[in-house]
Amino acid sequence: SSWWSHVEMGPPDPILGVTEAYKRDTNSKKMNLGVGAYRDDNGKPYVLNCVRKAEAMIASKKMDKEYLPIGGLADFTRASAELALGENSEAFKSGRYVTVQGISGTGSLRIGANFLQRFFKSSRNVYLPKPSWGNHTPIFRDAGLQLQAYRYYDPKTCSLDFSGAMDDISKIPEKSIILLHACAHNPTGVDPRQEQWKELAAVVKKRNLLVYFDMAYQGFASGDINRDAWAVRYFIEQGINIVLSQSFAKNMGLYGERAGAFTVICSDADEAKRVESQLKILIRPMYSNPPVNGARIASMILNTPDLRKEWLTEVKGMADRIISMRTQLVSNLKKEGSSHNWQHITDQIGMFCFTGLKPEQVERLIKEFSVYMTKDGRISVAGVTSGNVGYLAHAIHQVTK
Amino acid sequence: AYRTDEGQPWVLPVVKKVEQMIANDNSLNHEYLPILGLPEFRANASRIALGDDSPAIKEKRVGSVQCLGGTGALRIGADFLRRWYNGNNNTATPVYVSAPSWENHNSVFMDAGFKDIRTYHYWDAAKRGLDLQGLLNDMEQAPECSIFILHACAHNPTGTDPTPEQWKQIAAVMKRRSLFPFFDSAYQGFASGSLDKDAWAVRYFVSEGFELFCAQSFSKNFGLYNERVGNLTVVGKDADNVQRVLSQMEKIVRTTWSNPPSQGARIVATTLSSPQLFDEWKGNVKTMADRVLLMRSELRSRLEALGTPGTWNHITEQIGMFSFTGLNPKQVEYMVKEKHIYLMASGRINMCGLTTKNLDYVAKSIHEAVTKIQ
């Protein structure tokens, strides 16, 4: 007999299931809109030019493969912090922050979650927006925290339920943890406007909440890295000492290289040193020290003026293509004769779009048109190209008219 | 970490070659790997541990999870065991770590949630060797289903491994007492110079029908330290059990790092799946192992020639990167302060730090420490 007889089969990953079904489909017109990775206008993965250049530069340096420090590559963590906070940030310049390298967004979120579980004694509750990225819940749960929610998305308008969010947040018990998506909310694509962020900051400050920002799309949302980091920087300026998870998977196309960072804004540099020591104690028994490749590439790009400039142009290019696909989808829907209001498609931002399609409509899209998306009606705009946007509009119109 | 005779880090020639191949391959991109890792890496890595002709592989009852280094493999295994082994979420299952061991073993299992971490006798300081009887006694006394962390070869920090005969005795007790073997294999190939020899214990346990975990690191034997290349090999009773185990490990990976880094896995997979590159790699590994073995024999012969009090055969009988010299804390302090030779208070030295240039100095310094300080 086996030690494992009682081990249940884990449920299949919902998003992977979409891709599996897509792969099996023989329809030449098929579209995979579940993919959470950027595609170019030919539907192909895109390796940024600045990444290729950085890789060539790194190769020419013929560096050794010695272990990184537990907290990661210093040039990378410093540049990540500066990217998020802004070079003029008082918090950055004073050194009252600590940034450790994490395994992309997930790993950084998990380090933060573990840190809060161990050191944030005021509460065990993490408040997530409704809905949030599917993996947030199990990450915090596995770290030993409990999940709560605040209203966020309004399915009636396919936009932000701002009054609902403000109402719920104003009632969150003091000193709880609240998670906010810095930009390009996943999965809805619905972000607060700047005036709304200001009100959110005020209520969060009033309730004395621990703010955890998840920033996986800086630069990728609007095309402007400063604009996308506006909320993070505003909160810090308001005296809110946030914690922050960053990912370079999407904005640098470094998905499989796992480049990310976790930052804690502290009262002062001394506190930052103490926090850093505890973060290292958490990291060591997880994987000892982080992988170098992605961090080195990101660091080379961020710290080499020419490459950084090129990167900013390329990330804007990706964001612009997404925005243009949104525009084309809406205009194509109009051309199809759809009478529905599709404004939310262009109002929403980032890689994902909550179409508002119902499960039955999604099922028809999959079965009759080979257009694959998750049951909640979320599409990855990155999977849309000028070659297939017309087909997509046609298909959506057929199932919604 | 390994050092050359010039005291420098060494990027393996085969690694340089493969990295160039990867850089020149324009069909490659940076897309996500699957959650469990690069398939070609996983299969090859487990094959290296268990052997080409492993019955377990033939019977399809081996699973693999690409992890971040040996540490990552230990952690995923530990997280899984805490959730699913010996009941559901049984944090009370005792976990036994050798005395001494790599200090991170404790932290890995503690952070995975285990509440009862104990030591088992291992190092006999008096005779400077394995305390087999103490070890076997601890296994006899251990509650059934206890987990034992076993070093597959090149025990860290003592460099003292059980002989095959001793491993057989260990396996017999573990089988009878229903103890779970969790192997930590960080030095396969690096210890003796032979992949098969260094995997003997793991393979023996598999042949004895154990279900086991083996955390593999490719940090040392591929010199890929900072790429974080590791593999958790799972051997189960049958394919169905292994499949369910892997599906749950996938959930654990998803909330820890989502999917593993691709660079290091690509290098290892490419190397292991090409007969020519594989041979080249084995040659590189033997180069490292041979240098360490040479330093051991040179150090020992110098100490014996100097007539340094005590016996020094343990220097060549121990294996791998580390050696428990037997120097006591005061003697170590002398080495550090007076001779500027840095070693651990436990008397552990990293053999990789020895070079033809410093052998004489180190031998003389040990001689001084032992004769001047008691």
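This is a short tour of a predicted model, moving from the strands of chain A to the contact between chain A and chain B and then to the strands of chain B.

**Stop 1: paired strands in chain A**

Begin by selecting residues 125–130 of chain A, which form strand β3, together with residues 146–151 of chain A, which form strand β4; these two strands pair in the parallel sense, and the pairing runs over six bridges. To find your place along the pair, pick out A:Leu128 and look across to β4(A), where A:Ala149 stands opposite. Now add residues 136–142 of chain A, helix α6, through which the chain crosses from β3(A) to β4(A) in a β-α-β crossover that is right-handed.

**Stop 2: a helix of chain A**

Select next helix α1 of chain A, residues 14–24, where A:Glu20 and A:Lys23 lie three residues apart, about one turn of the helix. Show their side chains, and you will see that A:Lys23 and A:Glu20 meet in a salt bridge, with 3.9 Å from N to O. Over all chains, the count of salt bridges comes to 41.

**Stop 3: where the two chains meet**

Colour the chains separately and turn to their interface, where 60 residues of chain B are in contact with 59 residues of chain A. The area buried between chain B and chain A is about 5,100 Å², and carbon and sulfur atoms give 53% of this area. On the side of chain B, select B:His30, B:Asn226 and B:Thr255, which lose the most area to chain A and together account for 16% of what that side buries.

Seven salt bridges are found across the interface of chain B and chain A. Show the side chains of A:Lys65 and B:Glu19, which meet in a salt bridge at 2.7 Å, N to O. Between the two chains there are also 38 residue pairs in polar contact, with both residues at pLDDT 80 or more.

Among the elements that give two or more residues to the side of chain B touching chain A are α1 (13–24), α4 (69–84) and α10 (239–256) of chain B. Of these, α10(B) is the one to select, as it gives the most to that side, with ten residues. The residues of this side of chain B divide into 22 nonpolar, 23 polar and 15 charged.

**Stop 4: paired strands in chain B**

Finally, select residues 95–99 of chain B, strand β2, and residues 117–121 of chain B, strand β3, which pair in the parallel sense over five bridges. Within this pair, B:Val97 has B:Thr119 in β3(B) as its bridge partner. Adding α5(B) to the selection completes a right-handed β-α-β unit, made by β2(B), α5(B) and β3(B).

Terms used
Residues numbered from 1 in each chain as written. Chains lettered and ligands numbered in written order. Predicted model: local features only at pLDDT ≥ 70, side-chain atom pairs only at ≥ 80, totals over all residues. Heavy atoms only, no water. Pairing = 2+ DSSP bridges. Helix = DSSP H or I, 4+ residues; strand = E, 2+ residues; numbered from the N terminus. Right-handed = clockwise from strand over helix to strand, strands pointing away. Contact = heavy atoms within 4.5 Å. Buried area = accessible area lost by both parts, 1.4 Å probe. Salt bridge = Lys/Arg side-chain N within 4 Å of Asp/Glu carboxyl O. Polar contact = N/O pair within 3.5 Å; in protein donor to acceptor, adjacent residues only side chain to side chain. Nonpolar A, V, L, I, M, F, W, Y, C, P; charged D, E, K, R; others polar.
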